[in-house]
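Visitor: I would like a close look at a single part of this structure, the surroundings of the bound ligand, followed outward into the rest of the chain. Please take it slowly and in one connected account.

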Amino acid sequence: MRFDVVTIFPAMVEQALSAGIVGRAIERGTLAVRVHDLRAFTTDRHHVVDDVPYGGGPGMVLKPEPIFRALDAIAADGETAPTVILTSPQGTRLTQEVATRLSRSARLTIVCGRYEGVDERVRGRVDEEISIGDYVLSGGELPALVIVDSVARLIPGVVGDERSVAEDSFSRGLLDFPQYTRPAELASDRWDESAPAAGLKVPDVLLSGNHAEIRRWRKREAVSRTLARRPDLLASAALDDEEREILRQLAAAPEAP
Ligand code: 9D3
């Protein structure tokens, strides 16, 4: 899969993409990401990408021509026409479902919004506007990185262990169960003044070696956490028979252990 990102902060986007799972996938060639400096598509001496809004008001608006030129150059560089995404507070909210749909595209081009907005005529060249949530950011660079990361993980070969993708909580609609690693017990006086004298212990079931019981415990924890913290997820969660039974029990006796 190939991504193109159009931004006025190419260094910020490139640096972030060079790290971690996505960085390694790019190195291996599983993923291609090209970052384009919007200023490179200006024609004036000062490489101006923004201007004052017609009608007045605060802030600046990204000019349309550099964006049009960038999109033309990106489309011309390749066989298939990319799906063009504009990051914008007015966009469709990014969800796992949206990421999954985008991951079926062979090419995605992401235009990062900035300032108070983008000239409305750019929207004629855009297939989809995407927001990452209802909070105000300074621009579309972080949203573009979030989109690349969430979509890239769904491309076969990007995440080393395919099991982590298949088991991802949001793909199943449940929150994760609690995780522990060594040591099995921490001295409570050092790490947690409010802890009981027994110390900070890993639940016995995880040390038991009883894999059927471990599986059941994890399911129960995942379902009870989801019920407590994100009950909205349960409406569309893909629960198996066992999880549905656990949910029924928890809903009937919410105070039970
Ligand atoms: C809706 C806020 N606008 C009121 C005049 C001003 C404005 C604030 C911040 C316009 C653009 C921005 C920059 N934000 C993005 O470009 C953006 C964004 C975000 O702020 N939150 C979540 N997702 C996104 S995607 C792009």
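Which backbone N or O atom lies 2.8 Å from an oxygen atom of the ligand, and to what residue does that atom belong?

Guide: The residue is Leu137: one of its backbone N or O atoms lies 2.8 Å from an oxygen atom of the ligand. The protein as a whole covers 75% of the 580 Å² of accessible area that the ligand has on its own. It should be kept in mind throughout that this is a predicted model, and that every distance and area quoted here is computed from it.

Two further polar approaches involve nitrogen on the ligand side. A polar backbone atom of Ile132 is 3.1 Å from a nitrogen atom of the ligand, while at Ser131 a polar side-chain atom lies 3.5 Å from a nitrogen atom of the ligand. Ile132 and Leu137 also appear among the closest of the 16 residues that surround the ligand, together with Ser88, Gly133 and Tyr135.

Taken by class, this shell consists of 8 nonpolar, 7 polar and 1 charged residues. In terms of secondary structure, strand E5, which spans 83-93, and strand E8 each supply at least two residues of the shell, and the largest share, 3 residues, comes from E5.

Tyr135 deserves a separate word, since this residue belongs to more than one part of the picture. Tyr135 sits in the loop that runs between strand E8 (128-131) and helix H5 (141-152). With a relative accessible area of 48%, Tyr135 falls short of the 50% that an exposed residue must exceed, and therefore counts as partly exposed. Besides being one of the closest residues to the ligand, Tyr135 joins Phe9, Met12, Leu137 and Leu142 in a nonpolar surface patch of about 450 Å². Leu137, whose backbone makes the 2.8 Å approach to a ligand oxygen, is thus named in that patch as well.

Moving outward from the ligand, one can turn to the charged pairs. Side chains of opposite charge can pair when their charged atoms come close. A search of the whole structure finds 19 salt bridges, and among them is the pair formed by Asp77 and Arg34, with the closest N and O atoms 2.8 Å apart. This pair links distant parts of the chain, for Asp77 lies in the loop between helix H3 (64-76) and E5, whereas Arg34 lies in strand E2 (residues 32-37), a separation of 43 residues. Both partners are partly exposed, Asp77 at 34% relative accessibility and Arg34 at 37%.

A second salt bridge joins Asp119 to Arg121, again with 2.8 Å between the closest N and O atoms. Here the partners fall into opposite categories: Asp119, at 15% relative accessibility, counts as buried, whereas Arg121, at 55%, counts as exposed.

A third joins Arg215 to Glu242, the closest N and O atoms being 3.7 Å apart. This pair also connects distant parts of the chain, with Arg215 in helix H10 (residues 211-229) and Glu242 in helix H12 (residues 241-252), 27 residues apart. Arg215 is partly exposed at 45%, and Glu242 is likewise partly exposed at 25%. Finally, salt bridges that share partners join Arg2, Asp4, Arg34, Asp77 and Arg107 into one network, so that the Asp77 and Arg34 pair described above is part of a wider set of linked charges.

How values were computed
Residues are numbered from 1 along each chain as its sequence is written. This is a predicted model: local features need pLDDT of at least 70, side-chain atom pairs count only at pLDDT 80 or more; totals for chains, interfaces and linings use all residues. Side-chain values use heavy atoms; hydrogens and water are left out. Patches are made of residues with over 30% relative accessible area and no salt bridge: like charges are joined within 9 Å, nonpolar side chains (Val, Leu, Ile, Met, Phe, Trp, Tyr) within 5 Å. Accessible areas come from the Shrake-Rupley method with a 1.4 Å probe; for residues, only the protein chains shown count as cover. A salt bridge is a side-chain nitrogen of Lys or Arg within 4 Å of a carboxyl oxygen of Asp or Glu. Helices (H or I, at least four residues) and strands (E, at least two) are DSSP runs, numbered from the N terminus. Buried means under 20% relative accessible area, exposed over 50%, partly exposed in between (1.4 Å probe, protein chains only). A residue is near a molecule or strand if one of its heavy atoms lies within 4 Å of it. A polar contact is a pair of N or O atoms within 3.5 Å; within protein, one must be able to donate a hydrogen and the other to accept it, and residues adjacent in sequence count only if both atoms are side-chain atoms. Ala, Val, Leu, Ile, Met, Phe, Trp, Tyr, Cys and Pro count as nonpolar, Asp, Glu, Lys and Arg as charged, and the others, Gly among them, as polar.
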